[in-house]
Amino acid sequence: LIIAVRITTKAVDVQQGNQKLPPGPYSWPIIGNLPHMLKGPHIYLTQLARSYGPLCSVKLGTHLFVIGSSPMAATEIMRAHDKLPTYRWVPKAGQDGLQDYSLIWATQCTDHWKLLRSLCRTELFSAKGLDLQSSLREKNVDKMVGFLKSKQGSLVNVRELVFASTVNILGNICFSKDFIDLDDDHKERRGLKRALYRLMKLGTTPNIADFYPRFEDPQGLKRKTSEAMNEAFGAWEHIIKERRATREAQKDTDSSDEQDFLDTMLGSGFSDLQINQLTVELFSGGTHSTASTIEWALAELIKNKEAMFALREELKREIGFTNYIKESQVSHLPYLHACVKETLRLHPPAPLLHPQAILEGCEIMKYTVPKNSQLIINVWAMGRDPNLWEDPLTFKPERFCDSNVDFKGQDFKFLPFGVGKRMCPGYPYAIKQIHLMLASLVQNFDWFLPNNIEDLSKLDMSENFGIISQRKKPLMVIPKCKC
Ligand code: HEM
């Protein structure tokens, strides 16, 4: 056993003929390094980067993964993407025949992918689109604050509540509908809520078929994913049907005003399949990620009293003592914005950017990367790298106050929304929502840990890796209204 451990921890510069692959640990026959990944791939891959350098490789089943963990490695990986034919690696459980209509799981930047990106950019995430949605966000955040006021003194599951509000905001933007009752019994999830949680859990489950192409669906994950997708479609099926009928009836009356994103999609001639696929991807890409960021930010602020105090001072100074905050009031609050950036640095919801496979071999940082390797950028490792950030494990929003570092894909040491052509299209939307919700939670309530725990170091900050990286345990705290 000792010999085995020593072999696995010894740096291996893999030689293949005259080629030198990026270094990495010894990989076992057949399984490669799969067992090491189980505790959290981003953590294991970060440890590897510390041992083997910013470009390293691991073998997972039959695939070679090359991981970049420094701005230089990320730049070179992106350069390879731009120069070479690549395709997005899609988990087998997500390959369900609807891929031609997919935005997230489009393997290549096809014409349909471009059409979907452009529709989302102009209708949902443009400055004009965001302005039109602001009253919907404000209304739902006010509802959340009102709900919390009714619960003051009791233990609240922040994740469930914030998640429900993010789903309802998107529900109103897409279908003019609230999908989740804030007072829902959290133990028994139903409908869209259950479907979105199931999709996230299924995305977290390692799938043998992803690493051994010979296997089709040994764990039934593809079937379960398809069931969860159908459950999500069922939540809005009747709305699409009714809306089609209404639009048909109004066809000759010249009164078919566009109300929501469903109208936009119908106006663009989308089939039900196209609508289902795009909306389920917007919901699954845009709700857990945003809710998780808000949950982490609040947890960090509760734990770091000085940062909480500084944020409260800024809110008091700039907004005053209003209970219900407007989006326009939080658009220029540097400390609030710094708190959100600091949260995304330490807790990026997507710690590893989706693998892209290269169809031709290339050289990256003087190493040979063979064709069909999967290239990954480890955002989590860069966010915690002491060579890039001073005191990297400490929550210090101040580091962003006098800095131009931003998340728009230009600063390669800070890529929570990705980079390049496949960068998150929803980031302007996500940021607006996170700022408004976080400001409202901090402005309106003092937060206490259960069981009169005063020692804030007892707040568990461990995390779980999945499609979205979340807190291991939901943030359970007691709000006390400041009104
Ligand atoms: C804090 C919130 C969010 C974070 C951190 C985040 C992060 C990301 C990242 C890193 C990617 C690129 C993945 C890759 O290249 O591997 C991505 C893609 C994507 N995100 Fe987000 N996202 C967030 C919110 C949203 C929201 C609110 C929406 C929509 C409502 C959204 C929709 C999408 C879509 C559709 C893609 C796929 C784009 C493509 O492949 O062309 N995201 N997101």
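A residue is buried if 20 or more other C-beta atoms lie within 10 Å of its own, exposed if 12 or fewer, and partly exposed in between, with C-beta atoms placed from the backbone. Glutamate 237 is partly exposed, because it has 14 other C-beta atoms within 10 Å. This glutamate sits in helix 10, residues 221-249. Here helices (H or I, at least four residues) and strands (E, at least two) are DSSP runs, numbered from the N terminus. The model is a predicted one: local features need pLDDT of at least 70, side-chain atom pairs count only at pLDDT 80 or more, and totals for chains, interfaces and linings use all residues. Residue numbers start from 1 along each chain as its sequence is written.

Start with the whole chain. Its secondary structure comes to 17 helices and 14 strands. The radius of gyration is 23 Å, close to the 23 Å that the globule rule gives for 483 residues, so the chain is as compact as a globular protein of that length. That radius is taken over C-alpha atoms, and the rule is 2.2 Å times the number of residues to the power 0.38. Along the principal axes, the C-alpha atoms fill a box of roughly 70 × 60 × 40 Å. Of the 483 residues, 42% are buried. Two residues are in contact if their C-beta atoms, placed from the backbone, lie within 7 Å. Among contacts with a separation of 6 or more, 72% join residues 24 or more positions apart.

Now return to glutamate 237. Its C-alpha lies 8.4 Å from that of asparagine 276, although the two are 39 residues apart in sequence. Asparagine 276 is one of the buried residues of helix 12. That helix covers residues 272-286, and 12 of its 15 residues are buried, so it is largely enclosed by the rest of the structure. The buried residues include Ile275, Leu278, Val280, Leu282 and Phe283. The expected span of a helix is 1.5 Å times one less than its number of residues. For helix 12 this gives 21 Å, and its end C-alpha atoms are 21 Å apart, which agrees.

Helix 12 leads to the ligand. A residue is near a molecule if its C-beta atom, placed from the backbone, lies within 6 Å of it. The ligand is surrounded by 24 residues, of which the closest are Gly286, His354, Gly418, Cys424 and Gly426. Gly286 also belongs to the buried set of helix 12. Helix 12 gives the most to this shell, with four residues. Helix 12, helix 13 (288-303) and helix 17 (427-444) each supply at least two. By type, the shell has 13 nonpolar, eight polar and three charged residues. Ala, Val, Leu, Ile, Met, Phe, Trp, Tyr, Cys and Pro count as nonpolar, Asp, Glu, Lys and Arg as charged, and the others, Gly among them, as polar.

Helix 4 brings in the strands. It spans residues 71-83, and its 13 residues reach 18 Å from first C-alpha to last, close to the 18 Å expected. Ala73, Ala74, Glu76, Ile77, Met78 and Ala80 are its buried residues. They pack against strand 3 (55-60), strand 4 (63-68), strand 7 (356-358), strand 8 (362-364) and strand 10 (374-377).

Take strand 3 next. Six of its six residues are buried, so it is largely enclosed by the rest of the structure. In a regular strand the side chains alternate between the two faces of the sheet. Leu55, Ser57 and Lys59 point one way from strand 3, and Cys56, Val58 and Leu60 the other way. Two strands pair if DSSP finds at least two bridges between them. Strand 3 and strand 4 run antiparallel and are joined by six bridges. Valine 58 stands opposite phenylalanine 65. The two strands form a hairpin with two residues between them, and glycine 61 in the turn has a positive phi of about 60 degrees.

Positive phi also occurs outside glycine. Methionine 365 has a phi near 50 degrees. This residue lies in the loop between strand 8 and strand 9 (367-369). Methionine 365 counts as partly exposed, because it has 17 C-beta neighbours inside 10 Å. Asparagine 451 has a phi near 60 degrees. Its loop runs between strand 11 (445-448) and strand 12 (463-464). With 8 C-beta neighbours inside 10 Å, asparagine 451 counts as exposed.

Strand 11 belongs to an open sheet of three strands, in the order 6-14-11, with antiparallel pairing. Strand 6 (156-157) and strand 11 stand at the edges with a single partner strand each, so one side of each has no neighbour in the sheet. Four bridges join strand 11 to strand 14, residues 476-481. Across this pair, phenylalanine 448 stands opposite isoleucine 478.
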